[in-house]
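Reader: I keep meeting words such as "parallel", "hairpin" and "salt bridge". Could you show me how they are used here?

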Amino acid sequence: MPQWSVPLADVVVPEEDIAAVAEVLRSGWLTMGPVTAAFEEDLKAYTGAAHAFAVTNGTAALHLLCLAAELGPGDEVIVPSMTFVATANAIAYTGATPVFADVADVLRPWLSAAAAEAAITPRTKAIMAMSYGGHPGEIRALAAVAERHGLLLLEDGAHGLGAREDDRHVGTFGFGGAFSFFGNKNLPVGEGGAVVVQDDVAAARVKLLRSHGMTTLTWDRHRGHASTYDVVALGYNDRIDEPRAALARAGLRRLDEGNRRRAALDARYRDALAGVDGVEPTEAPPASAVGAHHLFTVVLDPSLDRDAFRTALAERGVQTSQHYPPAHRFEIYREAAAELPVTDAYARRTVTLPLFPTMTDEQLERVVAASVAALADAAPV
């Protein structure tokens with residue numbers, strides 16, 4: 001395993017979080033129960049959503065969101081290709097068809113409202129936005145497009161926990177949203193996620209489908225609130241467990257603090273890279289928004305060799321990544337034959353630099369110095 005002087009991401013679990021998990025382990029109740037319910041109440045208060053449901057991972061959250069929206073065969077959902085493939089897969093799980101639309105610009109790599117509107121057909125039922133890098137993107141404009149055409153607005157907020165536009169939290173601009181608590185996310189649990197919805201009927205559907213379509217839960221029967229159950233829908237085992245819910249609940253209390261540190265590091269990166277030829281950060285959130293700053297992504301000049309740049313950084317102990325290989329180029333979705341020139345251009349030129357709340361100013365300076373040196377290695381001969 002490489003010894004990175006600056007890893008792409010890093011997770012430090014405080015002792016109080018370990019203690020919260022240990023308390024659950026000592027309780028003897030490990031499956032979904034009171035700690036999960038308390039976390040869901042906390043998440044509702046934090047996001048302003050009417051309903052919140054913790055689930056086993058972000059992909060399950062997206063799937064349940066799509067099921068709650070009653071997507072199915074014959075439906076189309078407009079979705080960005082510049083996202084993790086789970087965003088499109090969750091749509092396809094229902095039998096609906098993901099329709100890929102382009103991003104706004106190489107420096108604004110989130111779903112373009114204009115491109116989404118141009119992709120609408122009589123079969124379109126929803127638009128799936130994605131808060132790329134923790135930026136709210138064109139969420140207001142996408143909400144307007146959805147309303148104008150009578151469509152549902154779904155939100156993949158995997159990068160966006162803590163992101164707001166005009167004080168409204170990502171995931172609450174339309175029908176509902178999904179969040180991820182994967183180990184590199186702003187609220188890292190390892191595996192975990194959540195669905196938020198506004199509608200009571202949708203909430204009842206998520207609650208039912210999360211746990212096998214059963215009318216009562218194990219915790220209800222344990223407390224004597226029910227003695228048996230019926231199964232009224234083809235549900236799934238998408239429940240989170242109590243130790244992970246405890247970890248998520250503890251981490252949520254520090255999320256804004258961590259996001260503020262991410263924002264400060266983001267600003268330092270931008271200052272340090274200002275005027276450096278050959279590299280430009282993607283656009284920062286506007287004054288009307290608060291970003292979650294999940295990623296710090298830069299775009300290289302098209303004349304530079306992106307792979308050589310990343311290799312040169314790795315040789316200097318700096319870990320980087322690419323977010324993401326575009327989903328429409330994967331074999332499974334090639335039949336969609338989407339022409340997304342801006343997405344393709346961004347995918348060829350983007351690099352993700354290290355960013356995490358415990359990153360030191362010294363580490364950031366090391367990344368900047370290594371990046372400046374690596375630009376020379378990436379230049380055409």
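Author: Here are some questions about the words, each answered from the structure. This is a predicted model, in which local features need pLDDT of at least 70 and side-chain atom pairs count only at pLDDT 80 or more, while totals for chains, interfaces and linings use all residues. Residues are numbered from 1 along each chain as its sequence is written, and side-chain values use heavy atoms, with hydrogens and water left out.

Reader: Why are α2 and α9 called roughly parallel?

Author: Helices here are DSSP runs of H or I with at least four residues, and strands are runs of E with at least two, numbered from the N terminus. Helix α2 (residues 34-47) and helix α9 (residues 242-252) pack at about 30°, with axes 8 Å apart. Axes are lines fitted to C-alpha atoms, for helices over the stretch in contact, and angles run from 0 to 180 degrees between N-to-C directions. Angles under 35 degrees count as roughly parallel, over 145 as roughly antiparallel, 65 to 115 as roughly perpendicular and the rest as oblique. The pair α2 and α9 is therefore roughly parallel.

Reader: Which residues of α2 and α9 meet?

Author: Contact means heavy atoms within 4.5 Å. On the α2 side, P34, V35, T36, A38, F39, D42, L43 and Y46 take part, and they meet E242, A245, A246, A248, R249 and L252 of α9. The residues of this contact divide into 10 nonpolar, 1 polar and 3 charged. (Ala, Val, Leu, Ile, Met, Phe, Trp, Tyr, Cys and Pro count as nonpolar, Asp, Glu, Lys and Arg as charged, and the others, Gly among them, as polar.)

Reader: What makes α11 oblique to α13?

Author: The axes of helix α11 (residues 306-315) and helix α13 (residues 361-378) come within 8 Å and cross at roughly 135°. That angle makes α11 oblique to α13. A308, F309, A312 and L313 of α11 make the contact with residues of α13, including V367 and A370.

Reader: How do you know that E40 and R210 form a salt bridge?

Author: A salt bridge is a side-chain nitrogen of Lys or Arg within 4 Å of a carboxyl oxygen of Asp or Glu. For E40 and R210, the closest N and O atoms are 2.7 Å apart, so the pair fits the rule. The two residues sit in distant parts of the chain, E40 in helix α2 and R210 in helix α7 (residues 200-210), 170 residues apart. By this rule the count comes to 19 salt bridges.

Reader: Why do β9 and β13 stand at the edges of their sheet?

Author: Two strands pair if DSSP finds at least two bridges between them. The open sheet has 3 strands in the order β9-β8-β13, with antiparallel pairing. β9 (168-169) and β13 (289-290) each have a single partner strand, so one side of each is left without a neighbour in the sheet. Strand β8 (residues 164-165) pairs with β9 over 2 bridges, and E165 stands opposite R168 in β9.

Reader: How do you know that β12 and β14 pair?

Author: 3 bridges join β12 to strand β14 (residues 296-300), so the rule of at least two is met. P281 stands opposite V298 in β14.

Reader: And what joins β4 to β5?

Author: A hairpin joins them through 2 residues. Strand β4 (residues 103-105) and strand β5 (residues 108-111) run antiparallel and are joined by 2 bridges, and V103 has L111 as its bridge partner in β5.
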